[in-house]
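Got your viewer open and a selection box ready? Load the model below and we'll walk through it stop by stop.

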Amino acid sequence: MPETSDPRWPLASPRTADWLRELAGDGVTGFMPPPLPDAAWVLNAMYEHERGPAGVTYDAYHRARVADGGVARHLVGDLDLTEVGVATGGGLGRAGHPGPGRRRLRWAELAARTGDPVVPEGLLPSFRCFPSAKQGGSWPLRITPPTEGSLDRESWHRLIEMLTAHSPAGPDTPCLAYYSPLMLRNPDFENPHVRAGRLGDAGDLYDNPEVAFSPSNLWAEDRSWVLCTDYDLWATKVAGPAPLVEALLADPEIEAVRLPWAP
């Protein structure tokens, strides 16, 4: 893994991830833990433009931009679509709030609107969710879909706060962070790339300039809890004690669900 300029997260021995390899396989897209003893899925945030057009998809918008050479301004009412952004849905890597005019659109709200389940039974949170929200497979331009392979900035920082509150040592909890080799400039599929640090410094991991993702795994050194953000998914599994999981499910900022078929 590339060296980071933050001395608070030095490289650790690859052997520190051996216990996760034994539990969850090779970890190419992230080590997916079993419940330890409980687990919940933190859903990546999505957003909706307050004045976004209902009938325009990302695909239609990009086709129009290509047709005019990307020069013309596209207006729908008083909304300038050239200012909306170019997220295409399930974009890879970290992201935060997309800016003014957009509000958090909770998965449960979109499920109630479309009639789709929050997560279809038997599946994991991914691009396969919310087929009824799309037109021809393309999301409506007014919606910024969840990121793929990385927690969004706001959910990452809130999750760190909650982990801190449920760890006996609080911000001084020793932690380890693992990044999937798919995220690295020079992938090494044999030796897991792990960094060691304090939970109180975990916010810094989100802005590692060498990696455009939140860590694939973060866990307490005592293994009391572990989270996994799979490279192919739109959510992070948090496995740990029941009080932590219940707090995640009840938190007004984080949106978390239990998946009985993926405990």
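The tour goes from the whole chain to the sheet, then the helices, then some backbone oddities.

**Before you click**

This is a predicted model, in which local features need pLDDT of at least 70 and side-chain atom pairs count only at pLDDT 80 or more, while totals for chains, interfaces and linings use all residues. Residues are numbered from 1 along each chain as its sequence is written, and side-chain values use heavy atoms, with hydrogens and water left out.

**Whole protein**

Colour by secondary structure and you'll get 5 helices and 13 strands. Those are DSSP runs numbered from the N terminus: helices are H or I with at least four residues, strands are E with at least two. Of the 263 residues, 51% are buried; buried means under 20% relative accessible area, exposed over 50%, and partly exposed in between, with a 1.4 Å probe and protein chains only. Contacts (heavy atoms within 4.5 Å) reach across the sequence: taking those with a separation of 6 or more, 76% are between residues 24 or more positions apart.

**The sheet**

Now show the strands of the open sheet, 8 in number, running β1-β9-β8-β10-β11-β12-β2-β13 with antiparallel pairing. Two strands pair here if DSSP finds at least two bridges between them. At the edges sit β1 (11-12) and β13 (256-257), each pairing on one side only. Zoom in on β1 and β9 (residues 193-198), which pair over 2 bridges; Leu-11 has Arg-195 in β9 as its bridge partner.

Next, pick β2 and look at two of its residues:

- Asp-38 is in β2 and is buried, with a relative accessible area of 16%. Beyond four places in sequence, Asp-38 touches residues including Val-238, Val-245 and Arg-258.
- Leu-43, also in β2, is buried at 0% relative accessibility. Try a distance label from Leu-43 to Val-257: their C-alpha atoms are 7.7 Å apart, although 214 residues separate them along the chain. Further contacts of Leu-43 include Arg-104, Trp-107 and Trp-234.

**Helices**

Which strands does α5 touch where it packs on the sheet? Select residues 242-250 and you'll find α5 against β2, β12 (235-240) and β13, with its direction at about 25° to that of β2. Axes are lines fitted to C-alpha atoms, for helices over the stretch in contact, and angles run from 0 to 180 degrees between N-to-C directions.

Add α4 (residues 153-165): α4 and α5 pack at about 145°, with axes 10 Å apart. At their interface, Leu-159, Met-162 and Leu-163 of α4 meet Leu-244, Ala-247 and Leu-248 of α5.

Then jump to α3 (residues 107-114), where Trp-107, Leu-110 and Ala-111 are buried. They cover an arc of only 105° around the axis, so they lie on the same side of α3; the arc is that of the directions from the helix axis to the C-beta atoms. Their cover includes β2 (38-43), β3 (46-49), β6 (102-105) and β7 (143-144).

**Backbone oddities**

Most residues other than glycine have a negative phi, and most peptide bonds are trans. Here are the places to check:

- Leu-36 and Pro-37 are joined by a cis peptide bond, omega about 5°. Pro-37 is in the loop between α1 (18-24) and β2.
- Phe-130 has a positive phi of about 55°, and is buried at 0% relative accessible area.
- Arg-223 has phi near 65°; look in the loop between β10 (217-220) and β11 (226-229). Arg-223 is partly exposed, at 45% relative accessible area.
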